[in-house]
Amino acid sequence: MRDVAASAASTGPRVLPRNDPRQYDDLAAEWWRPDGAFAMLHWLAAARAALVPPATRPDELLVDLGCGAGLLAPHLAGKGYRHVGVDLTRSALLQAAEHGVRVVQGDATAVPLPDGCADVVSAGELLEHVPAWPRVVAEACRLLRPGGLLVLDTLNDTALARLVAVRIAERLPTVPRGIHDPRLFVDARALVAECARHGVDLRVRGIRPQVGGMLAWLLRRARATGATSTVRAPRIVPTRSTAVLYQGRGVRKG
């Protein structure tokens, strides 16, 4: 086994197609590093959790589609939900379970959970990674009980988003190379219309990292030599434009 591991290490990281799910296995050690490859997912998880109110009844269920390693969990602490995470990547789910998430290995286009089981469905940084995002929307809405809440964030299908999220961002230490396929980015108007088809009145707004905080974070990260956990994370703030990154919140009718 050591010889195999040494051989794999000597060849360097494998080159995979854009948006290949195997990247998440290769980057498994990065999930909970505050300054690692998934740093921005932590910031977005905090912003998404801020859209979720405390549970009003005992045993309310939040289904976290594309939960990854459970980055939403710390931000839901104390809100009173049973947190069930659904993801394809076993290496990520093992870490999510360590952070208190009840995990289900499955495809977000065919979730093995019953209709109307969820009080809240979260789909964070997921839709731009699936070839058939309307099927994920249909599943998210199916899982929601009437009056249930859908929260999500994703990348818009615009030239500006492709420039910022791929050509520029992938040159920074916060975004892994090849993690996005810009052909899968999600038009905000189409997403609102698709949610409406399934009874959810989705309201969207643009979001972005706070510019000053982002620049300071990058500078501190570049200077850090070891105690990187002390690097302060920037906040995700609203912006007028949905042209790059946007957040959605909607309630299922009924």
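**Entry 1: R189 and D187**

I began with R189, which counts as exposed at 68% relative accessibility, in what is a predicted model. I found that R189 forms a salt bridge with D187, the closest N and O atoms being 3.9 Å apart, and I noted that this pair qualifies because the cut-off is 4 Å. D187 is partly exposed, its relative accessible area being 23%.

**Entry 2: R57 and D119**

I then looked up the salt bridges as a set, and the count came to 16. One that I followed joins the side chains of R57 and D119, with an N to O distance of 2.7 Å. R57 sits in the loop between helix 3 (39-49) and strand 1 (60-65), while D119 belongs to strand 4 (residues 118-124), so this pair ties together parts that are 62 residues apart in sequence. On exposure, I recorded R57 as partly exposed, with a relative accessible area of 40%, whereas D119 counts as buried at 7%. I also asked which residues are linked with R57 and D119 in a network of salt bridges, and I found E60 and R145 there.

**Entry 3: D115 and R142**

Next I examined D115 and R142, whose side chains meet in a salt bridge at 2.5 Å, N to O. D115 lies in the loop between strand 3 (102-105) and strand 4, and R142 lies in helix 6 (residues 133-143), so the pair ties together parts that are 27 residues apart in sequence. D115 is exposed, and I noted its relative accessible area as 58%.

**Entry 4: R48**

I turned to R48, which is found in helix 3, and asked whether this residue is buried or exposed. R48 is buried, with a relative accessible area of 6%. Leaving aside residues up to four places away in sequence, I listed what R48 touches: L72, S122, G124, E125, V151, D153 and Q247.

**Entry 5: a nonpolar patch**

Last, I looked for nonpolar side chains at the surface, and I found a patch of about 360 Å² made by L160, L163, V164, I168 and L172. Of these residues I followed L172, which lies in the loop between helix 7 (159-168) and helix 8 (188-197). L172 is partly exposed, with a relative accessible area of 31%, and I noted that this value admits L172 to the patch because patch residues need over 30%.

Conventions:
Residues numbered from 1 in each chain as written. Predicted model: local features only at pLDDT ≥ 70, side-chain atom pairs only at ≥ 80, totals over all residues. Heavy atoms only, no water. Helix = DSSP H or I, 4+ residues; strand = E, 2+ residues; numbered from the N terminus. Buried < 20%, exposed > 50% of the residue type's maximum accessible area, 1.4 Å probe, protein only. Patch = residues over 30% accessible without salt bridge, like charges linked within 9 Å, V, L, I, M, F, W, Y side chains within 5 Å. Areas by Shrake-Rupley, 256 points an atom, 1.4 Å probe, with all protein chains shown as cover. Contact = heavy atoms within 4.5 Å.
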